[in-house]
Amino acid sequence: MRFFAQFSRFCAQIGGFMSRNIAIFASGNGTNAENIIKYFSGNKDIKVKIVMANKTDAFVLERAHRLGIPTLYINREQWADATHILTLLHEQQIDFIVLAGFLARIPDALLHAYPNRIVNIHPSLLPKFGGKGMYGNKVHEAVVAAGETESGITIHYLNEHYDEGQIIAQYRCPVMPNDTPQDVATRVHALEYEYYPKVIEQLLIALPATDEDKA
């Protein structure tokens, strides 16, 4: 496991905790998004405020709807126009953005508006098997084809380059000689479900106040 020690030091010093609102961006089935929503369900300080998707048929929208979380489909032109997204996020008072299987590129203006406040999870031990086009089963297939003896997840901040943002945490699992990509996927998914919500929670506890918070 790799995790920044300053989080625990900061948390030990902090005297109180300001409530935080999360937006989840997703593109597909939405199992990670559902797991995160359930993890924070009933938490009085951390709330998943909205789920945004870039595909009308993304099943994540149905999962969020069933759990009572507002959803929004954003088309390609709207995603390209960061002004529109930023307005929506401001209206929802969003403090933190979580990518959960989101396959569209985040506009630079949005990255600059939320520095160290946008996180992603990747299904390998970056920098291995990352980059544009490397997602889902493509990653697990590449891991098996390369004869790797371990895989895992990487939780990282977003920057302008695919899968190159600062690493926050990594968790590992073995890859056996006779494993199929699906075998690896099963172990990796288990890591995602266990650790992604916990790391998000720690990041939010350690999140510094903004000028708006102080106002």
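Two strands pair if DSSP finds at least two bridges between them. That rule sets up the picture of strand 2 in this predicted model.

**Strand 2 and its partners**

Strand 2 covers residues 20-26. It has two parallel partners, listed here.

| Partner of strand 2 | Sense | Bridges | Residue opposite Ile 22 |
|---|---|---|---|
| Strand 3 (residues 46-53) | parallel | 7 bridges | Val 48 |
| Strand 5 (residues 96-99) | parallel | 4 bridges | Phe 96 |

Ile 22 therefore appears in both pairings: it stands opposite Val 48 in strand 3, and it stands opposite Phe 96 in strand 5. Strand 2 also joins helix 2 (residues 31-40) and strand 3 in a β-α-β unit. The unit is right-handed.

How much of strand 2 is buried? The strand is mostly covered, with 7 of its 7 residues buried. Its side chains point two ways. Arg 20, Ile 22, Ile 24 and Ala 26 point one way. Asn 21, Ala 23 and Phe 25 point the other way. Both sets are buried.

**Ser 124**

Now to a single residue in a loop. Ser 124 is found between strand 6 (118-122) and helix 7 (137-145). Is Ser 124 buried or exposed? Ser 124 counts as buried because its relative accessibility is 0%, and buried means under 20%.

The side chain of Ser 124 reaches the backbone oxygen of Lys 128 at 2.7 Å. Ser 124 also touches residues farther along the chain, not counting those up to four places away in sequence. Among them are Phe 129 and Val 139. Ser 151, Gly 152, Ile 153 and Thr 154 are touched by Ser 124 too.

Conventions. Residues are numbered from 1 along each chain as its sequence is written. This is a predicted model: local features need pLDDT of at least 70, side-chain atom pairs count only at pLDDT 80 or more; totals for chains, interfaces and linings use all residues. Side-chain values use heavy atoms; hydrogens and water are left out. Helices (H or I, at least four residues) and strands (E, at least two) are DSSP runs, numbered from the N terminus. Buried means under 20% relative accessible area, exposed over 50%, partly exposed in between (1.4 Å probe, protein chains only). A polar contact is a pair of N or O atoms within 3.5 Å; within protein, one must be able to donate a hydrogen and the other to accept it, and residues adjacent in sequence count only if both atoms are side-chain atoms. Contact means heavy atoms within 4.5 Å. A crossover is right-handed if, with the strands pointing away from the viewer, the path from the first strand over the helix to the second runs clockwise.
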